[in-house]
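Here is a friendly walk through a small set of structural features. Please keep the sequence and the 3D view at hand as you read.

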Amino acid sequence: MIARTISRVCKDDELLQERLPINPDNDDVFHSCSDGMVLVHLLNHIEPDCIDMRTVNKGSNINIYKVRENLD
């Protein structure tokens, strides 16, 4: 259910297009959320501008410290 909700709510986010849709029948949700980007965008959909996107580490190959910053 959470995978379908994330896919529906964030479907128009340009930065998440390579991660969506999330397959609800396997462990795709864990891989999609592993660097915090999907969660950051989901929070901003729930409450607009609650997270300043300038502070979010973006990219396809960010190190573990940057991933941790996004998750925190």
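The report below starts with the overall fold and then turns to helices, core, backbone and cysteines.

## Overall fold

Please bear in mind that this is a predicted model. The secondary structure of the protein comprises four helices and zero strands, and the order of elements from the N terminus is α-α-α-α. The protein has a radius of gyration of 12 Å, close to the 11 Å that the globule rule gives for 72 residues, so the protein is as compact as a globular protein of that length. If you lay the C-alpha trace along its principal axes, it spans about 30 × 25 × 20 Å.

How much of the protein is buried? Buried residues account for 35% of the 72 residues. The protein exposes about 5300 Å², and 52% of this area is supplied by carbon and sulfur atoms. Among contacts with a separation of 6 or more, 39% are between residues 24 or more positions apart.

## Helix α1 and its two sides

Helix α1, residues 2-9, is a good place to begin a closer look. Which of its residues are buried? They are A3, I6 and S7. These residues cover an arc of only 100° around the axis, so they sit on the same side of α1. On the other side of α1, the residues I2, R4 and R8 are exposed.

What does the buried side of α1 pack against? The buried residues of α1 have α2 (28-32) and α3 (37-46) as their packing partners.

## The nonpolar core

The largest nonpolar core has 13 residues, and within this core I6, L16, L20, I22 and V29 touch the most other members. Two elements, α1 and α3, give two or more residues to this core. The largest share comes from α3, with four residues.

V29 shows what such a position looks like in detail. Not counting residues up to four places away in sequence, V29 touches I2, A3, I6 and I22. I22 also turns up beside S32, a residue of helix α2: with the residues up to four places away in sequence left out, S32 touches R19, I22 and V38. S32 is itself buried, at a relative accessible area of 9%.

## Two backbone details

Most residues other than glycine have a negative phi, and most peptide bonds are trans. Two places in this model are worth a look with that in mind.

Where is P21? P21 is placed in the loop between α1 and α2. The peptide bond that joins L20 and P21 is cis, with an omega of about -5°. L20 has already been mentioned, as one of the core residues that touch the most other members.

D49 is the other place to visit. D49 is not a glycine, yet its phi is positive, at about 60°. D49 belongs to the loop between α3 and α4 (64-71), and this residue is exposed, with a relative accessible area of 72%.

## The cysteines

How many disulfides does the structure hold? A search of the whole structure finds zero. Why is C10 not bonded to C33? Their sulfur atoms are 8.9 Å apart, which is too far for a bond, and the sulfur of C33 is the closest cysteine sulfur to that of C10. For comparison, a disulfide calls for two cysteine sulfur atoms within 2.5 Å. C50 is in no disulfide either, and its nearest cysteine sulfur, that of C10, is 12 Å away.

Is C10 buried or exposed? C10 is buried, with a relative accessible area of 0%. C50, at 38% relative accessibility, counts as partly exposed.

C50 lies in the loop between α3 and α4. Setting aside its neighbours within four places in sequence, C50 is in contact with L43 and N44. C50 and M37 are 13 residues apart in sequence, and their C-alpha atoms are 14 Å apart in space.

## Accessibility side by side

The table gathers the relative accessible areas of individual residues discussed above.

| Residue | Relative accessible area | Class |
|---|---|---|
| C10 | 0% | buried |
| S32 | 9% | buried |
| C50 | 38% | partly exposed |
| D49 | 72% | exposed |

Key:
Residues are numbered from 1 along each chain as its sequence is written. This is a predicted model: local features need pLDDT of at least 70, side-chain atom pairs count only at pLDDT 80 or more; totals for chains, interfaces and linings use all residues. Side-chain values use heavy atoms; hydrogens and water are left out. Buried means under 20% relative accessible area, exposed over 50%, partly exposed in between (1.4 Å probe, protein chains only). The arc is that of the directions from the helix axis to the C-beta atoms. Contact means heavy atoms within 4.5 Å. A nonpolar core is a set of buried Ala, Val, Leu, Ile, Met, Phe, Trp, Tyr and Cys residues joined through side-chain atoms within 4.5 Å. The radius of gyration is taken over C-alpha atoms; the globule rule is 2.2 Å times the number of residues to the power 0.38. Accessible areas come from the Shrake-Rupley method with a 1.4 Å probe; for residues, only the protein chains shown count as cover.
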